[in-house]
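Reader: Could you show me the model, and then take me through it in questions and answers?

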Number of protein chains: 4
Amino acid sequence: MLKVGLLGVGRIGGVHARTIAAHPGSALVAISDAIAENAETLAAQHGAAVRSSEDIIADSAIDAVLIATPTDTHSALIEAATAAGKAVLCEKPVDLSLPRARACQTAAAATGQPVMVGFNRRFDPNFGAMKAALDAGEIGKAELLSITSFDPAPPPVAYIEVSGGLFRDMMIHDFDMATFFMGAAPVAVSAFGSSLVDPAIGAAGDVDTAVATLTYADGRLAVIKNSRRAAFGYDQRVELLGSGGLLQAGNMLENSVVKSTAAGVTGAKPMHFFLERYMAAYEAEWAAFVEAVKGGTPVPITLDDGVLALAMADAATQSVQAGQPVLLADILSA
Amino acid sequence: MLKVGLLGVGRIGGVHARTIAAHPGSALVAISDAIAENAETLAAQHGAAVRSSEDIIADSAIDAVLIATPTDTHSALIEAATAAGKAVLCEKPVDLSLPRARACQTAAAATGQPVMVGFNRRFDPNFGAMKAALDAGEIGKAELLSITSFDPAPPPVAYIEVSGGLFRDMMIHDFDMATFFMGAAPVAVSAFGSSLVDPAIGAAGDVDTAVATLTYADGRLAVIKNSRRAAFGYDQRVELLGSGGLLQAGNMLENSVVKSTAAGVTGAKPMHFFLERYMAAYEAEWAAFVEAVKGGTPVPITLDDGVLALAMADAATQSVQAGQPVLLADILSA
Amino acid sequence: MLKVGLLGVGRIGGVHARTIAAHPGSALVAISDAIAENAETLAAQHGAAVRSSEDIIADSAIDAVLIATPTDTHSALIEAATAAGKAVLCEKPVDLSLPRARACQTAAAATGQPVMVGFNRRFDPNFGAMKAALDAGEIGKAELLSITSFDPAPPPVAYIEVSGGLFRDMMIHDFDMATFFMGAAPVAVSAFGSSLVDPAIGAAGDVDTAVATLTYADGRLAVIKNSRRAAFGYDQRVELLGSGGLLQAGNMLENSVVKSTAAGVTGAKPMHFFLERYMAAYEAEWAAFVEAVKGGTPVPITLDDGVLALAMADAATQSVQAGQPVLLADILSA
Amino acid sequence: MLKVGLLGVGRIGGVHARTIAAHPGSALVAISDAIAENAETLAAQHGAAVRSSEDIIADSAIDAVLIATPTDTHSALIEAATAAGKAVLCEKPVDLSLPRARACQTAAAATGQPVMVGFNRRFDPNFGAMKAALDAGEIGKAELLSITSFDPAPPPVAYIEVSGGLFRDMMIHDFDMATFFMGAAPVAVSAFGSSLVDPAIGAAGDVDTAVATLTYADGRLAVIKNSRRAAFGYDQRVELLGSGGLLQAGNMLENSVVKSTAAGVTGAKPMHFFLERYMAAYEAEWAAFVEAVKGGTPVPITLDDGVLALAMADAATQSVQAGQPVLLADILSA
């Protein structure tokens, strides 16, 4: 039984608490949060103790920590937890600063402890089935990837201001999906962005609508589209053209009911947001972490993946500012 | 906290154990099963005790029992449990004998205890959304209902022989769905059946492919189609034509991936069988039971519903034998 | 070049005029209609002459006639035209009287002239692709056929009164489709019908909502559902469960546009009515007739098929009145 | 009756011949083609005369010409025909040389004759319905357009070599679609391209897989994806995210049949190529031209539109070569 401490119980922390508790191979033994009340409610529900992050990390009876605290604490907590001999699953992004993330990567690597980054979408059953079909050669060689990722509504500007911007906060998921499907890092990132949804987002120096094109060394291409607003809900689709066909992973719908009236033929909307759409992915993510840690096998998403996605986000951010493509090598050697 | 004893832990009993344990308002305290090993495994998993059904029913500290034993024990267990002051959720069908079911109905009613029959499909989110749209008047008045219900593959003939036949074992779910959507009992049932899938089923005196037409007092119609075999999996669809439009609840698919190649455009199959397709329904069913029992409100599916569905199944069985429609009134007054 | 006379240019006659004129192997040379103005407009458009039906049939320079006059004239015109050595394509139904249709069948057969009955749906590309898949063994052996056929809105009661009733006027198409897919005549027809759409239809002695179940000698089953009203348009679907899978032919939609908003995900309605939905079928039907007549090969739908469909309609009509199944043999030997 | 001369009867010329002949307001009176045999076959079929392009243009009895000759003759023929007082419908592109196209634009404008450019996709009923929904405000303000346009298979390299390259030959359709939906010319074009499908295309200096991003003055964005090969056929989809929702126009399928077997749920492929998919669009395009010419109203797609699309193609071509965005203003002022 893997004994787990959960650091941070915001919106996503609550999901993790349930997932850790429900997994037959893990036990949620301790919870920390800056807001004591949040931690206490969840702890009572799951029979866990409320403790400080420091205490949890220092407790040699705890095998692993799941880090779901604010982003600016991730690197330090990863370093402390791995130094204390713990396995770590950390929410994305690793950090908003690429140098800081790379320092963390080096420090954690030195401990030899497994650190997995929570790019949950790799564990979505739909994207997983699509990847399996690709790996099985069902559409030949991948050539042109297209990712559509629209949120239902923009977050508060206060969140935007500390988020690192759309590319590091939102599109970073899609950058990792591109790596997942293309199996390589791109050579260059060309990004275009505007503030069309909310002028306050533009005023805060960020974009809310963006397109990025990734070019790969062998000529393959990927396009990512993001918007902070889709009036119909959470739009999460991936399609990949290969030499032998096309794979498409569509949205999951709220239900399968179709109504036909004089007004048209109407079906359900996509599941509203990430907690609904990716619930199965969070469970599968945790199961993969537990299996890797217990089996002593490599975790499926590493700090290297986290650093790569962050570098792509930095390249995209610079590309919008510069109005031209940015080489990933220039970002990584900066 | 509702303290619950689970009687019978076959395939479906395992689902119920998990659902009872996961619900915040109920606790699984005791399990019985004819095969001790099955009970012990589940009991260990959920921290419940293994006891006999008699002991569980006699234990005044237990508030409710969920009956998932073989059908021929249902009536007696319902009677015993209600007599012992317990709330009961019983798997369908109530009994294979209509007179026995009606005796049970009378006996249970005399105790005043709530008895809910496990027609889980009423709690499927898709059928629920469809019913909500109907009740909201979105397609006007219901006129013509059509239910398609195909199993992936026939059960062993040994099961068929004790099942009561397709109408009492399989189509009984659809009879209840018809009542759910049409809001009334039919006047007559006309059924047609054949053994096309497996000659051994025909040799056992049962059919494996069947159509039933239900006629209602106000002229409305319903058609139910059943087959014991659909090569592509579990096919569970309902559609309802109303004066103002059509509602259709389609299958739930294994995933949302579509592959387009020279061979065609291929999507996922329906979720394979009832445990996958109706998992959410089992959870919602249990939640509804707990809520009704705790709140002292009527359970949403009663023994009356169970008896009605069984009477419709009897009518269908007789109709196939007689080669003509059978009045429900004749069945109920027999 | 097949020289063709068109008898009758109501709604469907106009379609036929265009189809005959557009086919490279046929020429529309003469048109008759009780309403001279209708005939003249179409004749001017296509460079044809307006003549009486008698004149057209008597003209030895005309090779074939297409009969699209009122139903009660079909038999006599078929007899006259075949006696005059013409090939005939006649709209359905052959007649409202089964004895009269059978007399026509005998008389026409004696002339040796080809007579094709216009069950246009056999030529719909969708149903055709479905039949081809069935014939290719893609779903194994056919077991359970289901036909849904809803009109957008009921015709005027004045039409209903001379139509022969829903089974002879509307469901007769579906009876022929059943023969097309099942490849055999049924043993018995069990029909259920009500007047739910318009009380005036019931007052006229007809039904507007109906279900018929066909049973076949080898145990296979077919179900047909009809309604005179679907608020969303013309609903024309067929599905066939076989030992190895399911084939479904869905509706053709007005366009492929899908709109996703806060109100839901809305697509186009089905093409509104038979002229739109079956335009390609009318063209293919005519092409098949021309090809058979020119090639001296059998026409693909014969008077036998027309008589069979009518007999099934008679059986259904009697079944609703009698409240029990009617054997096709009893109808045919009456 | 508009008397029409058809110049050029290659693959697309045959479609135009039929469309002109079938329209009640136009007559196909003369045909020219470099290959006399092609012209003669079509002329015989439609009762037209075979003449030289010069003769046709010089004939004052002819009202309009449809130019479907090789691209390098378009400008000269437009100039000659308009100078001769004819209305012109010319296939895309106007020219491969932007200066030449602009000279033609000036010359034609001086004559005052209507010249329409054959961007047929604007007349596709699906894209038309989507545009109508946009114009009706059904998704609010357009923000992010996405066009997917894949051909079934690459043309011969000999064709590629004289085609002007993917952007001028293939994506030019999508550039016009972007203008159609966005209602404005973009500020800049950023294109990325590779030769992944056929190395011979790369050797010929062209790309076969490409992505272009268009940026608009008000911050809106459009993305176009092209591939010369889609193993499953002709993939033609457009989607547009607006402030109030999403519009998607999907592929037209070969038929509506769905087959469900143990291997999955398989539907028909998209209609194979442009002649099938856009047949209705060609008819509507011609009807719009005839209506505008007869009514003296402006043609719906002008030489200005043709020049704009060509300028966007030039910008994209330069962008791939330069590896950075190209301003449309720089192209137009070159």
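Author: What follows is a set of questions and answers on this structure, beginning with how to read it.

Author: This is a predicted model, in which local features need pLDDT of at least 70 and side-chain atom pairs count only at pLDDT 80 or more, while totals for chains, interfaces and linings use all residues. Residues are numbered from 1 along each chain as its sequence is written, and chains are lettered from A, with ligands numbered from 1, in the order in which they are written.

Reader: By what rotation is chain C superposed on chain B?
Author: Copies are superposed by least squares on the C-alpha atoms of residues with pLDDT of at least 70 in both. For chain C on chain B the RMSD is 0.1 Å, and the shift along the axis is 0.0 Å. The two copies are thus related as by a two-fold rotation axis. The rotation is one of 180°.

Reader: Which residue of chain C comes closest to that rotation axis?
Author: The distance is taken at the C-alpha and amounts to 2.7 Å. The residue of chain C that comes closest to the axis is Gln324(C).

Reader: How many residues does each chain give to the contact of chain C with chain B, and how do those of chain C divide by class?
Author: Two residues are in contact if their C-beta atoms, placed from the backbone, lie within 7 Å, and by this rule 29 residues come from chain C and 29 residues from chain B. Strand 7 (142-150), strand 8 (188-194), strand 9 (209-215), strand 10 (221-227) and strand 12 of chain C each give two or more residues to the side that touches chain B; helices (H or I, at least four residues) and strands (E, at least two) are DSSP runs, numbered from the N terminus. For the classes, Ala, Val, Leu, Ile, Met, Phe, Trp, Tyr, Cys and Pro count as nonpolar, Asp, Glu, Lys and Arg as charged, and the others, Gly among them, as polar. The side of chain C that touches chain B thus divides into 13 nonpolar, 13 polar and 3 charged residues.

Reader: What percentage of the interface residues of chain D are also interface residues in chain C?
Author: The contact takes 23 residues from chain D and 23 residues from chain C. Helix 6 (125-135), strand 12 (245-249) and strand 13 (257-261) of chain D each supply at least two residues of the side that touches chain C, and that side has 11 nonpolar, 10 polar and 2 charged residues. The copies meet through the same surface, because the share of interface residues of chain D that are also interface residues in chain C is 100%.

Reader: Which residue is the bridge partner of Leu247(C) in strand 13 of chain D?
Author: Two strands pair if DSSP finds at least two bridges between them. Strand 12 (residues 245-249) of chain C is joined to strand 13 of chain D by 4 bridges, and these strands run antiparallel. Within strand 13 of chain D, the partner of Leu247(C) is Lys259(D).

Reader: Which strands lie at the edges of the open sheet in chain B?
Author: This open sheet has 6 strands in the order 3-2-1-4-5-6, with parallel pairing. Within the sheet, strand 1 (residues 2-7) and strand 4 (residues 64-67) of chain B are joined by 4 bridges, and Leu7(B) stands opposite Ile67(B). The edge strands, each pairing on one side only, are strand 3 (49-50) and strand 6 (115-118) of chain B.

Reader: Are helix 9 and helix 13 of chain C parallel or oblique to each other?
Author: Axes are lines fitted to C-alpha atoms, for helices over the stretch in contact, and angles run from 0 to 180 degrees between N-to-C directions. The axes of helix 9 (residues 171-182) and helix 13 (residues 303-322) of chain C come within 9 Å and cross at roughly 120°. Angles under 35 degrees count as roughly parallel, over 145 as roughly antiparallel, 65 to 115 as roughly perpendicular and the rest as oblique. Helix 9 and helix 13 of chain C are therefore oblique.

Reader: Where is Pro93(C) placed?
Author: A cis peptide bond, with omega about -15°, joins Lys92(C) and Pro93(C). The place of Pro93(C) is in the loop between strand 5 (87-91) and helix 5 (98-111) of chain C.
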